[in-house]
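Colleague: I'd like a close look at one part of this model, and then a walk outwards from there. Take your time over it.

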Amino acid sequence: MMEHRRPGYTGLKVGVVGVGCMTFGWRADAAETDAIVAAALDIGINLFDTAVSYGRGVSETLLGQALKRSGRRNDVLIATKFGGLATADAKPEELGNSRRMVLAQCELSLRRLQTDWIDLLQIHNFSADVPLEETLGGLDQLVREGKVRHIGCSNFAGAQLLAAIECANRHQLCPIASHQTRFNLLDRHAETDVIPIAYEHGVANLTYSPLVEGLLTGKYRAGEAFPADSRFAVASPANKYEARLTVAVDQIIKSLHAAAVACSMPLWQFALTWLLSNPAISCVLLGASNRDQIMALTELTDYRIGSELVNSITPPGTCVLPAI
């Protein structure tokens, strides 16, 4: 069964791997979503992370339907995010972190998710256009009304997270429980900025993109055609996936693969195990496209990988991926 940790001050018991639900409605249809949710629950995963903007509502809707059919809403922690374009016909003015959007998009999420409460409601992105006090005040209201249990942030820089923590404390608002950031073996920026700040202040670190959209599975090779039906093969050209797999990145992935072999692990398992070896990480969010990817997580162990094993390949605080 999945290892669990108690992140931050919340007292919640959270599986060390959670399901990132951006694939729901894109890479996974309703039937596959049901299968992913069922498999995750069976192996002890209990955190599902989505957003109003994923598929303009499709992800939340499919997750809500899957949990309804499972009859296990009380066994899971639902995390979602607000601030993005939430419907297919949404206009640019219908996004952002204003108090009005906090309240309106929470109601929308509750309906889509078919639930009376959200376990973790997160600010999707920092906005300099809306005072933090206004955004956090709206979230505090939702907590007091019983519609939200805990609040968090996503994609904040370290200084922005610290400002949010201090703002909540200063105005006696609901404290920040978690922060979600991109962090993996190819992009280690967060470990010298936002991750230590969150950890120092008792804020749970949730990390996403652990396998870099599949680059850290080893199935992609520079100069070779993408495997049929893979994410890189079916994604819009606007994603510029091919630009990420440079010859230099390909060589780094090969070096990481050699390190994984030395630990008797496939590359994907090595990448996840390295993340979970960091005591500052509460939960790693994995965007699964099918049930088999969830079931493979039963191969994870409590083996720990020291950073010294990979520091010579991808140094601390660096990002080896090209800017696109």
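Colleague: Start with the strands β3 and β4: in what sense do they pair, and over how many bridges?

Modeller: They run parallel, and the pairing of β3 and β4 goes over two bridges. Some ground rules before the details. This is a predicted model, numbered from 1 along each chain as its sequence is written, and local features need pLDDT of at least 70, while side-chain atom pairs count only at pLDDT 80 or more. Totals for chains, interfaces and linings use all residues, and side-chain values use heavy atoms, with hydrogens and water left out. As for the names, helices (H or I, at least four residues) and strands (E, at least two) are DSSP runs numbered from the N terminus, and two strands pair if DSSP finds at least two bridges between them.

Back to your pair. G20 of β3 has D49 in β4 as its bridge partner. β3 also has a partner in β10: those two pair in the parallel sense as well, over three bridges, with G18 standing opposite L285. In a regular strand the side chains alternate between the two faces of the sheet. Here V17 and V19 point one way from β3, G18 and G20 point the other way, and all are buried. "Buried" is under 20% relative accessible area, "exposed" is over 50%, and "partly exposed" is in between (1.4 Å probe, protein chains only).

β3 turns up again as cover for a helix. Helix α10, residues 267-276, has ten of its ten residues buried; among them are W268, F270 and W274. β3 (17-20) is part of what covers these buried residues, and so are β1 (4-5), α9 (247-262) and β10 (281-286). That puts β10 in two roles, pairing with β3 and helping to cover α10.

Now step off the end of β4. The loop that links β4 (47-49) to α2 (58-70) holds A51, and A51 is buried, with a relative accessible area of 0%. Leaving out residues up to four places away in sequence, A51 touches E60, T80, K81 and H124, where contact means heavy atoms within 4.5 Å. For a sense of distance, A51 and A190 sit 139 residues apart in sequence, with 21 Å between their C-alpha atoms.

R56 is in that loop between β4 and α2 too. R56 has a positive phi of about 55° although it is not a glycine, and it counts as partly exposed at 34% relative accessibility. Just beyond, in α2, you meet T61, partly exposed at 28%. The C-alpha of T61 lies 9.5 Å from that of A30, 31 residues away along the chain.

K81, one of the residues A51 touches, leads on to another strand pair. β5 (77-82) and β6 pair in the parallel sense over four bridges, and K81 has Q122 in β6 as its bridge partner. Six of the six residues of β6 (118-123) are buried, so this strand is largely enclosed by the rest of the structure. Ahead of β6, in the loop that follows α3 (99-113), comes Q114. Q114 has a positive phi of about 55° without being a glycine and, at 38% relative accessibility, is partly exposed.

One more stop: T135 in helix α4 (132-144). T135 is buried at 2% relative accessible area. Setting aside neighbours within four places in sequence, T135 is in contact with F82, N97, V102, I123 and V130.

Zooming out, the chain has eleven helices and ten strands. The radius of gyration is 19 Å, close to the 20 Å that the globule rule gives for 324 residues, so the chain is as compact as a globular protein of that length; the radius is taken over C-alpha atoms, and the rule is 2.2 Å times the number of residues to the power 0.38. The C-alpha trace spans about 50 × 40 × 40 Å along its principal axes, and 54% of the 324 residues count as buried. Of the contacts between residues at least 6 apart in sequence, 78% join residues at least 24 apart.
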